[in-house]
Amino acid sequence: MNNIWLILIATILVNNFVFSYFLGICPFLGVSGKASSAIGMGFAATFVMTMTAFVTWLINRYILIPYNLEFLETVSFILVIASLVQFVEMFLKKVIPSLYKALGIFLPLITTNCIVLGLALLGSMRNYNLLENVVFGFGAGIGFTLALTIMAGIREEIEFADVPEPLKGGGITLIIAGLLALAFMGFSGMLGGG
Amino acid sequence: MSVTIISLLTMGGIGLLFAIVLLLAYKKLAVEEDPRIKEIESLLPGANCGACGYPGCAAYAEAIVLEGVPFDKCAPGGAEVVEKIAKVLGVEGVEVGERKVAQVMCQGTDEAALDRAIYHGINSCRAAHFTLGGDKECYWGCLGFGDCVLACPFDAIHMTDKGIPLVDRDKCTGCGLCVEACPRDIIELVPISQKVFVLCKNEDRGANARKYCDYACIACRLCVRNAPQGSMEMRNNLAIILDHRQVDGEAEKVIAKCPTKSILKLVDDDGEFHLPPSLEGAKIVPTLKR
């Protein structure tokens, strides 16, 4: 049980996928304009990542490893991710159309987002058991949501700030992202040299 | 060999499994959509240029059907598409505005306009413009790096060897992307029938302007004086056409006295477009000539 908590805290804070692995930067910069859509995107990604962690572990353990097909890892994981994203897209379109609209192109882009594939590949590398892997995926998703929400909160404030002309838009956003990543470095070492 | 077969079988199997799951989900989660949206989307040009103010043709089609947005905003589609959409929506008697095309309002070719520096920066008008206003002495003139050429999704504007871009009026759809791309607001959308243009944006005093450009408007007011009352005016040392129909009517008289040939009749009475003298014999060259 202790291990589970360790993985959860590690993926959310210490090894935050956005701030320490620099995965999922595209939606991190793209959807973080408004807090409401940032949270929506975060939870959509969290769902996809948790499910991905679950399904890819099963595929890896019961199909790829027994038949020595590890070289198919990337292809089969992408297949899983693409299907899951398609499913989430249909689900959101039906149930929460407003969120579906707000996310726009970034929803299908979760498919090609490195954060999901990165999670699946990292997970298979670390020899987690099923529960650990799912927690790993969930934590990564929550960490991503956390990063998005922090960023969206700051960017909503920045709207009212007097930003120098050349830094408006992309420039100041990247600087904020860098500072946030630096801030998250403060967590490293929290879990025994993490 | 066996590895190949096993790989094929497993990947095929996984794929098939997900396909079935998705198919079931699709049946369960299908959303009823107005069929007219798809129909209108197929009528729109599909260039996703954004001239209508929506992110793409699909978004615009949806806005037409669901929000009742006016359907005459598609510049590339023009009158033809508007008529077709009207048919789909069952609307009759739609009036369509005149077709507009882009016009480059500068004659500062490499021969005519002086440079004040050599620019070694990024090959883009925008970058040059922000680097102390670029290499041209004229702060209002065309920089000639072809940001507009790159912005055009219809291959309708090209760079010439004289350093000023040229619009292909047959291909131009009036989407306005080049207008936005130009950091100096030199390109304007003009009605296709407009005949007389002031091909200059220079707001400097005449005595200065004529020093660095052969075709600069020197604010002598001769055209304004000869144009019908109220159809033209001087604004910041630059002649502005307010009512092109009145000016076109008196075209010969208005342009005759211009000492720098910055006001010109480019479209003749048969509607044929002629190049300004500054661009005569210009050849089309690749965008980044410098």
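How many residue pairs in polar contact, both at pLDDT 80 or more, lie between chain B and chain A? The count is 0, and the legends below look at that contact in a predicted model.

**View 1. Chain B and chain A meet in a contact built from residues of both chains.** Here you can pick out 16 residues from chain B and 19 residues from chain A. Together the two chains bury about 1,500 Å², and carbon and sulfur atoms account for 85% of that area. M11(B), F18(B) and L29(B) are worth finding: they supply 35% of the area that chain B buries against chain A, more than any other three residues.

**View 2. Helix α1 of chain B, residues 2-29, faces the partner chain with 12 residues.** No other element of chain B gives more to the side that touches chain A. Sorted by class, this side of chain B holds 11 nonpolar, 3 polar and 2 charged residues.

**View 3. Salt bridges and polar contacts are both absent from the counts between chain B and chain A.** If you go looking for salt bridges between these chains, the count is 0. Residue pairs in polar contact, with both residues at pLDDT 80 or more, also come to 0.

**View 4. Chain B itself combines 11 helices and 9 strands.** Of its 290 residues, 46% are buried. Among the contacts in chain B with a separation of 6 or more, 60% join residues 24 or more positions apart. On the outside, chain B exposes about 15,400 Å², with 55% of it supplied by carbon and sulfur atoms.

How values were computed
Residues numbered from 1 in each chain as written. Chains lettered and ligands numbered in written order. Predicted model: local features only at pLDDT ≥ 70, side-chain atom pairs only at ≥ 80, totals over all residues. Heavy atoms only, no water. Contact = heavy atoms within 4.5 Å. Buried area = accessible area lost by both parts, 1.4 Å probe. Salt bridge = Lys/Arg side-chain N within 4 Å of Asp/Glu carboxyl O. Polar contact = N/O pair within 3.5 Å; in protein donor to acceptor, adjacent residues only side chain to side chain. Helix = DSSP H or I, 4+ residues; strand = E, 2+ residues; numbered from the N terminus. Nonpolar A, V, L, I, M, F, W, Y, C, P; charged D, E, K, R; others polar. Buried < 20%, exposed > 50% of the residue type's maximum accessible area, 1.4 Å probe, protein only. Areas by Shrake-Rupley, 256 points an atom, 1.4 Å probe, with all protein chains shown as cover.
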